[in-house]
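Trainee: Got a minute? I'd like to go through a protein model with you.
Mentor: Sure, put it up on the screen.

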Amino acid sequence: VVIMVGRDEVKPVKPWIEEHIKCRECSTFIATPAEQEGEDAVCGCGYLRSQHPADVQVQDADGSMRWNTTIHTKLVDANAYGRLNFVDEDGNQQPSFVKVSVDYEEAERTKTILKLFESRWGLPKPNLLISVTGGAKDFNVSPELLSEFKKGLMKAAKSTNAWLVTGGTNTGVMKLVGEAVRGYCGSNITTIGIATWGIIKNKDNLIRPSKKKQNKKKVVFDYPTKAFPAANEAYMDPNHSHFLLVDNGTQNKYGVEISMRGAIEAAICDHYRDDYNILTERSVRCP
């Protein structure tokens, strides 16, 4: 969007998400000791040299300097947001997603996430927050126990207008929650996945076109899930309704989202408890 005042052209107006939500980008390329040269050299952040911005600073790697996410990244406008089209899944609901800097675990910045939930994504006010945590690895449970888990979780969610919060990937307990939502409730439950951006398989498909390219206003992004992910990657679960993809400028490193997830869950509870005196929280821990 470009605003015109008389004959003067004013700076284009940024979309709300780009104006208020930032992500992190490596600003200093420091090759790992084993990968010193060429476009395929690997930085301490985990990305190849060719995956960095053209103007990135390049630091000689003589072993004296270690890459650090605090020092060697910078905040930039959110460059991955919109809706997902799980092209290999039937009947998916095109969930909303946004890539967001890990800095949004700070108290003032969690308010921006709450505004995203309420004003931009239009989420209904919850009476209950159910936080489901557990391992990302698949585990074996009896069909009877699995059925009872799904039924009990969905009964609690449906009867209380709850928000479900998980790690968001199509593995382990997160996958079970997604299956429960799809099997018992369709798309009527707010199911928020908070995952690490750097471990998402096919995340490059979600980067918005640059301003110099066409289709900058692209809303729906095709997200294929057929290829088998590597050990340090995972797909997003197609049965979640919304995703926060937490970014600290690194790739293939798990756990980036943990502290931010806790801060956002606490902020959700505080916000709705103070404003509406209705919210309570329950945590479900699975193996």
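Mentor: Let's talk through the overall picture, then the cysteines, then the rings.

Trainee: What kind of model is it?
Mentor: It's a predicted model, where local features need pLDDT of at least 70, side-chain atom pairs count only at pLDDT 80 or more, and totals for chains, interfaces and linings use all residues. Residues are numbered from 1 along each chain as its sequence is written, and side-chain values use heavy atoms, with hydrogens and water left out.

Trainee: And what does the pLDDT average?
Mentor: The protein chain averages 85, and 82% of the residues score at least 70; pLDDT is the predictor's confidence in each residue, from 0 to 100. Over residues 1-7 the pLDDT is below 50. Where pLDDT is low, don't read the predicted coordinates in detail.

Trainee: How many helices and strands are there?
Mentor: The protein chain has five helices and 14 strands. Those are DSSP runs, numbered from the N terminus: helices are H or I with at least four residues, strands are E with at least two.

Trainee: How much of the chain is buried?
Mentor: Buried residues make up 45% of the 287 residues. Buried means under 20% relative accessible area, exposed over 50%, partly exposed in between, with a 1.4 Å probe and protein chains only.

Trainee: New topic: how many disulfides does the search find?
Mentor: Zero in the whole structure; a disulfide here is a pair of cysteine sulfur atoms within 2.5 Å. Cysteine 43 is in no disulfide, and the nearest cysteine sulfur, that of cysteine 45, is 3.7 Å away. Cysteine 43 is buried, with a relative accessible area of 1%.

Trainee: OK, and how many aromatic pairs?
Mentor: Six. Rings of Phe, Tyr and Trp (its six-membered ring) pair if their centres lie within 6.5 Å; planes under 30 degrees apart count as stacked, over 60 as edge-to-face and the rest as tilted. One of the pairs is tryptophan 163 with tyrosine 272, edge-to-face at 5.7 Å centre to centre and 80 degrees between the planes.

Trainee: Where do those two sit?
Mentor: Tryptophan 163 is in strand 10 (residues 162-166) and tyrosine 272 in helix 5 (residues 258-276), 109 residues apart. Both are buried.

Trainee: Which residues do ring pairs link into a cluster?
Mentor: Phe117, Trp121, Trp163 and Tyr272.

Trainee: Last one: which ring does arginine 208 sit over?
Mentor: The charged end of arginine 208 sits over the ring of tyrosine 81, 4.0 Å from its centre. That label needs NZ of Lys or CZ of Arg within 6 Å of the ring centre and within 35 degrees of the ring normal.

Technical notes: Contact = heavy atoms within 4.5 Å.
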